[in-house]
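Visitor: Could you take a close look at one part of this model with me, and walk me through how its pieces pack against one another? I would like to follow the pairing and the contacts step by step.

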Amino acid sequence: MAELAQVLRHLTPVDDPKALVDASTGDDAAVYLIDDDRALVVTLDFFTPVVDDPYDFGRIAAANALSDVYAMGARPLFALNLLGFPRDLLGEGLAEEIIRGGSDITREAGIPVLGGHTVDDPEPKFGMAVVGEVAVDALITNAQAQPGDALVLTKPLGTGIIATAVKAGKAPDAIAETAIRNMTWLNRGAAEVMARSGIRAATDVTGYGLLGHLRTLLRGSGRSAEVEVAAVPLIDGVLDLIAEGHVPGGTKRNLEDLAEDVDFGSTSHELKLALADAQTSGGLLMCVPQEKLEGLLTALEGEAPVAAVIGRITQGPPGKITLL
C-alpha cells in the first residue's frame with residue numbers, strides 16, 4: 001500500500017466540482033455528477049487467474065469488478081471486458097471460456113457487456129470496467145463512518161490463502177469449491193439490503209485484506225475501530241493452509257504495511273495473516289448504526305454467505321485498529 005501511495009501522489013489534483021469521489025480517498029470507485037440528482041459510478045479491475053478453471057476465473061473476475069459498484073450503493077448499468085491473453089493459445093478455447101464465465105455473471109447481475117479490449121499477453125489477465133448509477137442522496141462512501149457503528153462483514157476470509165494452495169496443488173477440493181462459491185457470489189443482494197437500510201459508510205474487502213480496507217475506511221472517516229478477532233468469519237481450513245505455508249506474497253506485504261496502525265495484542269501469527277489476506281471478490285464491510293443493526297442482519301439472511309458483526313467504529317486516531 002505504501003508503494004501505491006508513492007505512485008498516486010503524482011496524479012494531477014482533481015478540481016472538477018462534479019467529481020464527487022476520486023482517487024484521493026481510496027474509495028471503491030470514481031463518482032461523477034451527471035445532473036442534480038444522479039451520478040455515474042465507474043470502476044475497473046483485472047488480475048491473473050486465481051483458480052485453474054478458465055470459466056470459474058471469468059466468473060470470479062466479473063463478480064469482483066461488479067463489487068466496487070455495489071459497495072458504493074450504486075446500480076450497475078453495463079460492463080466492458082478487459083482481456084490479456086497469449087496469442088498462440090487463442091485456438092485452445094480457453095479465452096472463450098473466460099469470457100463466457102464473465103458474461104454469465106453479468107447476466108446474473110442483469111447488465112450487458114457492450115464490448116471491451118484485448119491485448120497479446122504472455123500471462124492471462126481478465127477483468128471488467130463497470131459503469132453504474134446512483135442517486136446522489138443514496139451514495140455510500142468510505143468517509144462517513146460514525147463512532148458506535150457496528151462493523152458487519154458479508155463473506156468469510158481466506159480466498160487468497162486458498163488460491164495459493166490451489167496453485168500448489170495442496171487445497172482440498174471441498175475448500176477450493178467453497179472459495180469459488182464465495183468469490184462468485186454477487187454482492188448485489190447485500191448491497192440492496194445496505195441501501196434500503198440507509199447505510200452511508202461501507203467498502204468491499206479485496207486485495208488489501210480486511211484490515212487494509214478497514215484502515216482506508218477509517219482514514220477517510222477520521223475514525224478508529226475495534227475488531228473482535230473471534231467474530232471474524234474464516235473459510236473452514238484456512239488456518240491449516242496458513243500453517244502449511246500457503247501464504248501469498250500480497251498477504252505478507254499487507255501484514256507488514258499494517259504494523260504501525262494495528263494493535264494486534266495477543267493475536268496469533270496465523271490469524272494476523274488471515275485478517276490481512278489479499279481477498280478476491282470479497283464481501284462488503286458495512287458501518288451500521290446500532291438502531292439499524294438488528295433489521296439489517298435479518299434482511300441479510302439468504303442475501304450473503306454470512307452476516308457477521310465483527311467490531312465497531314470508535315473515536316480515536318484516524319486509521320487506528322485495535323484487535324480484541
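**Sheets and the helices around them**

Guide: Happy to. Six strands make up an open sheet of mixed pairing, in the order β1-β2-β3-β6-β4-β5; please keep in mind throughout that the model is predicted. At its edges are β1 (19-21) and β5 (113-120), each with a single partner strand, so each has one side without a neighbour in the sheet. If direction is ignored, neighbouring strands here are turned against each other by 20 degrees on average.

Within this sheet, let's look at one pair. Strand β4 (residues 75-85) runs antiparallel to strand β6 (residues 125-135), and nine bridges join the two. One partnership to pick out on your screen is L82, whose bridge partner in β6 is G127. Helix α3 lies across β4, β5 and β6. Its direction is at about 170 degrees to that of β4, and because angles over 145 count as roughly antiparallel, the two run roughly antiparallel.

Now follow α3 to its helical neighbour. The axes of helix α2 (residues 54-71) and helix α3 (residues 94-109) come within 7 Å and cross at roughly 40 degrees, so α2 and α3 are oblique to each other. Their crossing is right-handed. On the α2 side the contact is made by P54, Y55, F57, G58, R59, A62, A63, L66 and Y70, while α3 brings L94, E97, I98, R100, G101, G102, D104, I105 and A109. Sorted by class, the contact of α2 with α3 holds 11 nonpolar, three polar and four charged residues.

From α2 we can step over to another sheet. Seven strands form this open sheet, again with mixed pairing, in the order β8-β11-β7-β12-β9-β13-β10. Here β8 (201-204) and β10 (262-263) are the edge strands; each pairs with a single strand, so one side of each has no neighbour in the sheet. Helix α2 packs on this sheet, touching β8 and β11 (284-288), and its direction makes about 175 degrees with that of β8.

Another helix joins that side of the picture. Helix α6 (residues 188-196) has G189, A190, A191, V193 and M194 as its buried residues. These buried residues pack against α2, β8, β11 and α11 (290-300), so that α2 and α6 share a contact as well. Just after α6 comes G198, with a positive phi of about 75 degrees.

Next, the strand β12. Five of its seven residues are buried, leaving β12 mostly covered. Strand β7 (residues 150-153) and strand β12 (residues 308-314) run antiparallel and are joined by four bridges. V152 has V309 as its bridge partner in β12, and L151 is partnered by G311. Strand β9 (residues 224-227) pairs with β12 too, in the antiparallel sense and over four bridges. There, V227 has G311 as its bridge partner, which makes G311 a residue that links to both L151 and V227.

G311 also leads us to E228, found in the loop between β9 and α8 (238-243). Setting aside its neighbours within four places in sequence, E228 is in contact with I310, G311, R312 and L324. Its relative accessible area is 30%, so E228 is partly exposed. For a sense of distance, E228 and Q279 are 51 residues apart in sequence and 19 Å apart in space, C-alpha to C-alpha.

One more helix pair rounds off the tour. Helix α4 (residues 159-167) and helix α5 (residues 173-183) have axes 10 Å apart and pack at an angle of about 130 degrees, which makes α4 oblique to α5. The crossing of α4 and α5 is left-handed. In it, T159, I162 and V166 of α4 meet I175, A176, A179 and M183 of α5. By class, the contact of α4 with α5 has six nonpolar residues, one polar and no charged ones. As you look along such a helix, remember that an α-helix has 3.6 residues a turn, so residues three or four places apart point the same way.

Technical notes: Residues are numbered from 1 along each chain as its sequence is written. This is a predicted model: local features need pLDDT of at least 70, side-chain atom pairs count only at pLDDT 80 or more; totals for chains, interfaces and linings use all residues. Side-chain values use heavy atoms; hydrogens and water are left out. Axes are lines fitted to C-alpha atoms, for helices over the stretch in contact, and angles run from 0 to 180 degrees between N-to-C directions. Angles under 35 degrees count as roughly parallel, over 145 as roughly antiparallel, 65 to 115 as roughly perpendicular and the rest as oblique. A crossing is left-handed if the near helix is turned anticlockwise from the far one by less than a right angle, and right-handed if clockwise. Contact means heavy atoms within 4.5 Å. Ala, Val, Leu, Ile, Met, Phe, Trp, Tyr, Cys and Pro count as nonpolar, Asp, Glu, Lys and Arg as charged, and the others, Gly among them, as polar. Two strands pair if DSSP finds at least two bridges between them. Buried means under 20% relative accessible area, exposed over 50%, partly exposed in between (1.4 Å probe, protein chains only).
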